[in-house]
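Please open the structure in your viewer and keep the sequence beside it, so that each selection can be followed in both places. The tour goes from one selection to the next.

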Amino acid sequence: MYLKRRFLVLLHSLIFLFLSTAAAADKAPPKKPANAAPKPSELIWPLPPDPPRVRWVTEYSDLAKIGKPVKKASWLEKVSGAKTADEKEELHRPYGIATDSHGRIFVADSERRTIFVIDRDGKALDRRQGTDRAPLIMPIGVAIDGQDRLFVSDATAHQITCFDAAGTIAGQFGSAQIGRAGGIAIDRNRSRLYVTDAKENRIAVFDSNTFKFIRYIGGPSKPGKKEPGAFAGPTNIAVDRRGDVYIADTLNQRVQILDAEGKFIKSIGTQGDAPGEFIRPKGIAVDSEGHIYVADAEFNNFQILTREGQPLLAVGALGTNPGQFALVAGLYIDSNDQIYTTEQYRGRVQVFQYISQPASTRADTKADGKEANPSNKH
């Protein structure tokens, strides 16, 4: 009897403890998951307490959502997982990217042989494609002049195709001067079109109005040496507001800066994985304040540097979430300092916004010889 009473007392105690614990758990506020990922709209770089300098805006990969409404799949298509024709409008291998005066985004998809035109305001999708007489085989780079004419470099056809503002092919040129066309950029003030040539390791320069060839810049660098003004596999190119030219000298793991006449000014970066160093630099652009942006296909990020090569900030890492990259390739900055990137593995365009610091702060930091809030982490 004694053991039986002790057993019942112990049982009652356990039941009371269980009920008390359950009641406390019901009243306690739900725990937030550890390391919860921020919403895309909350993605900023760098992290607090530093003031934000880059903000994630949006992304594009499923282009069917931009144009007409997607047709609903039938029950058979839902079961099989097959996509309708409209649902298949996806980016495959985007590379070059640019915007026109209306804010439309032009992105070259080398696998689909198409330049997709994304009208964000009208929420419409258009295309620029070749014809039987003027085909696009592997479009790589895109650039747009002051008349909203579109220039497209073709790596396989080793030439440039020009479309007028309405989308009609206005001409093709450069086949006699280009070995393997890559990134392109336009100096609107001087009507100069610059084309990287990874095969010949040089830059070809054309008149963007007449399409006439003007000159070559550079040539192959010697193995193991990185001479000024010589290149090894140049891929992408950009022009700033004063006409200086920035080239991603990819196999030399650096960026070279030339003046408008093609004369060497300086190079920044070297091979390595520290801030300000590169492994596979590709996309390149310059913002309104003169910062240099370099997309690195090895790091899967883009770095922001001063003209002197001082690293300020690195944005992104390997992944497929917003703010991450999978084989980042192209990079472009518009007149409003919006940053556009392309990824070849994911087939995606991402848009970021550079957040300028107040003019008074910029003046103070320049007086000190420094830039505000540098972040030297990849």
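Select Phe206 and Phe213 together: in this predicted model, Phe213, which belongs to β14, is the bridge partner of Phe206. Now widen the selection to residues 213–217, which make up strand β14, and add β13, and you will have two strands that pair in the antiparallel sense over four bridges. Follow the chain between β13 and β14, where five residues separate the strands of this hairpin, and stop at Phe211 in the turn, whose phi is positive, at about 70 degrees.

Next, keep β13 alone by selecting residues 202–207, and ask how many of its six residues are buried. The strand is mostly covered, with five of the six buried.

β13 also has a partner in strand β12, so select residues 192–197 as well; β12 and β13 pair in the antiparallel sense over six bridges. One place to look along this pairing is Arg192, which stands opposite Asp207 in β13. The hairpin of β12 and β13 has four residues between the strands, and there you can pick out Asn201, which takes a positive phi near 55 degrees.

For the last stop, move to residues 139–144, which form strand β7, a mostly covered strand in which six of the six residues are buried. Add residues 150–154, strand β8, which pairs with β7 in the antiparallel sense over four bridges, and find Ala143, which stands opposite Phe151 in β8. The hairpin of β7 and β8 has five residues between its strands, and Asp148 in the turn has a positive phi of about 65 degrees.

Terms used
Residues numbered from 1 in each chain as written. Predicted model: local features only at pLDDT ≥ 70, side-chain atom pairs only at ≥ 80, totals over all residues. Heavy atoms only, no water. Buried < 20%, exposed > 50% of the residue type's maximum accessible area, 1.4 Å probe, protein only. Pairing = 2+ DSSP bridges.
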